[in-house]
Amino acid sequence: MTSPTTESAAADSARASLEALRTEIGKAVVGQDSTVTGLVVALLCRGHVLLEGVPGVAKTLLVRALAASLELDTKRVQFTPDLMPSDVTGSLVYDARTAEFSFQNGPVFTNLLLADEINRTPPKTQSSLLEAMEERQVTVDGVPRPLPEPFLVAATQNPVEYEGTYPLPEAQLDRFLLKLTVPLPSRADEIDVLTRHAAGFDPRDLKAAGVRPVAGPADLEAARQAVARVSVSPEIAGYVVDVCRATRESPSLTLGVSPRGATALLATSRAWAWLTGRDYVTPDDVKALALPTLRHRIQLRPEAEMEGVTADAVLTAILSHVPVPR
């Protein structure tokens, strides 16, 4: 049986390793600390991430750099209108030599799946990821096949205003733990990007950029065990529920946060509390993760959208009105 002192030492070591990710990923990606933190929170919670941003803001590079820094296997799928579900999950292939069918793994059999531009493929193919995301397995021809551990889907999407995109259905959006918006860089960061490229930086060669593994699956497992020990008071649980229930009563929304969303917010708040060095959750932890955890789980009324109201604005207003426990 592991002693509390040993558990504490393992947790501290894991936290230090995960904090080093920022520096390591920073060798390839400039100015995306909050997105990196969101990806780490998702890994700690065994969740999945939806990255939204215009083309060219390094969403793909960010995921590749994360996988290289964590020593995880990664695969990439470019979602297109003609992509089939079997292209993601794998399929049965006939072997003429043995006259038998054998299963050929699809790219989903990896630790970190980059689903690039997921909203450029029709819902039928988008839904091929549902079982993998929820059950961490793929069923083909009635046979369930477990996926590797850890397993995370990092899906990128361009804003739905762009041509040729298919908005993700609500059932699939709800399976993403976080929706992270990847902003355009500041002027100083963009100058830094250009300076790196002028000096010979190649985004396709992360090893040449100096990106090395600074953490591994063992660190991730120790961190997950530590997060599971983060305490949640009844007052904090009530606060999470009150925030989520307030979305169901908002006049700006047709769809509020479900109980699954409430459990997601509690999970991400615990992970954030641990990353910041505490073994208990505060209201500030809940507030810090409320927008990325809930923004994709609510639906605006058409008239609110026409008035320029955003999901983040509604959530911010709710957070300012829901009483905070003392």
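This tour of a predicted model visits a buried strand with its two partners and then a pair of helices.

**Stop 1: strand β8.** Select residues 152-157, which form strand β8. The strand is mostly covered, and 6 of its 6 residues are buried. In a regular strand the side chains alternate between the two faces of the sheet. Colour L152, A154 and T156 as one set and V153, A155 and Q157 as another: these sets lie on opposite sides of β8, and both faces are covered. Burial here means under 20% relative accessible area.

**Stop 2: the partners of β8.** Add residues 49-52, strand β1, which pairs with β8 in the parallel sense over 4 bridges. Within this pairing, V49 has A154 of β8 as its bridge partner. Next add residues 112-116, strand β5, which runs parallel to β8 and is joined to β8 by 4 bridges. Which residue of β8 is the bridge partner of L114? That partner is A154, the residue also bridged to V49.

**Stop 3: helices α10 and α11.** Move to residues 234-248 for α10 and residues 259-275 for α11. Their axes come within 9 Å and cross at roughly 140°; the crossing is right-handed. To display the contact, show the side chains of V240, C244 and R248 from α10 together with P259, A262, L265 and L266 from α11. How many of the contact residues are nonpolar, polar and charged? The contact of α10 with α11 comprises 6 nonpolar residues, no polar residues and 1 charged residue.

Methods. Residues numbered from 1 in each chain as written. Predicted model: local features only at pLDDT ≥ 70, side-chain atom pairs only at ≥ 80, totals over all residues. Heavy atoms only, no water. Axes fitted to C-alpha atoms, helices over the stretch in contact; angles between N-to-C directions. Helix = DSSP H or I, 4+ residues; strand = E, 2+ residues; numbered from the N terminus. Left-handed = near helix turned anticlockwise from the far one by under 90°. Contact = heavy atoms within 4.5 Å. Nonpolar A, V, L, I, M, F, W, Y, C, P; charged D, E, K, R; others polar. Buried < 20%, exposed > 50% of the residue type's maximum accessible area, 1.4 Å probe, protein only. Pairing = 2+ DSSP bridges.
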